[in-house]
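User: Please take a close look at a single part of this model and describe how it is placed in the rest of the chain. I should like the terms explained as they arise.

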Amino acid sequence: MRRGAIIGLGNVALQGHLPGWRRRRDVEIVAVTDVRPEQHALVPAHVEHAPGDLAPLARLAEETGRVLHTVHNWHHAPIVRRTAELIREGRIGRVTHVIWHTLRTRPASAGDQRTGNWRVDPAIAGGGVLSDHGWHVFYVVQRWVGASPSSVSARLERRRHVAWDVEDTATVRVTYPGATAEILLTWASDVRRNWAEIGGTAGTLELQDDTLVLKGEGPAAHSSWPCPPPMSDGSHHPDWFDAIASEFLAETAAAAPRRENLAESRLCVALEHAARESSRQGGREIPIAGARA
């Protein structure tokens, strides 16, 4: 039996992560910490906050032989997982372009609305929609393309929520050797949905929120698969968490490759940093030096 603690007991942890850990027979969550004291009563104890920066945590993990693992749960969305399988099978050839849209009418709600939504507080969230959604898009697209990015350009805007101190819209272009990704993230849409297109040398995949459509070469190559639930359905995704927990535990037991998830996290940090710098410089292309996943 492994014993663990949760740092930050917000809505996603309460409705997604904690139920996932409690479903397991080989892990017991024995502690929690949160900036809101009332959350401590939900599990038996609490611990002090951990450092917040990735680089110091990565060094500490390396020095102590520990595993630092980020919840990259979008890899396990049914439609994303099926897309990755088809790409690996060569159904669209080599990926040459990706277009991704995350459309929201507002940020996801916070656990305690009395103090406002932390997602629009730059002192807590670090940024707006790019920080909230961009990380997930970056690691998903990275795996689809299968190559390290060479540069990023971006524009961060406040299209609707002009009083906020963070962006409500981000348009990002990531350039890879032989491929590009065009990403739109917004909290200023009139509709809530996710949509993506992956073009390759032999066909195209279109992710229509809960339906995956393959358009290959020749009329017989066209297929579609229902992949519920929709990508835009909720923000907790408890059904995607079990695979994440298993990946983490496999890495701690040396039954899976070490540091792959951490490499993805480093890449996401590099891409967000470069995107913000590009926007500050009017959308200039910023090279990604040494970024690997």
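Analyst: Helices (H or I, at least four residues) and strands (E, at least two) are DSSP runs, numbered from the N terminus. By that assignment, Val95 belongs to strand β3, which covers residues 95–103. The model is a predicted one, in which local features need pLDDT of at least 70 and side-chain atom pairs count only at pLDDT 80 or more, while totals for chains, interfaces and linings use all residues. Residues are numbered from 1 along each chain as its sequence is written, and side-chain values use heavy atoms, with hydrogens and water left out.

Val95 counts as buried because its relative accessibility is 5%; buried means under 20% relative accessible area, exposed over 50%, and partly exposed in between, with a 1.4 Å probe and protein chains only. Contact is taken as heavy atoms within 4.5 Å. With neighbours within four places in sequence left aside, Val95 is in contact with Ile87, Trp144, Val145, Gly178, Ala179, Ile198, Gly199 and Gly200. A separation of 8.4 Å lies between the C-alpha atoms of Val95 and Gly146, although these residues are 51 apart along the chain.

Ile87, one of the contacts of Val95, is itself a buried residue of helix α3 (residues 78–88), as are Ile79, Val80, Thr83, Ala84 and Leu86. Seen down the axis of α3, the buried residues fall within an arc of 165°, so they line one face of the helix; the arc is that of the directions from the helix axis to the C-beta atoms. An α-helix has 3.6 residues a turn, so residues three or four places apart point the same way. The cover over the buried residues of α3 includes strand β3, together with α5 (129–145), β7 (193–200), β8, β9 and β10. After α3 comes Gly90, with a positive phi near 80°.

Between β8 (203–207) and β9 (211–216), two of the covering strands, a loop holds Asp209. Asp209 is not a glycine, yet its phi is positive, about 70°. At 13% relative accessibility, Asp209 also counts as buried.

For the wider setting, the chain contains seven helices and eleven strands, and 44% of its 293 residues count as buried. Among contacts between residues at least 6 apart in sequence, 67% join residues at least 24 apart.
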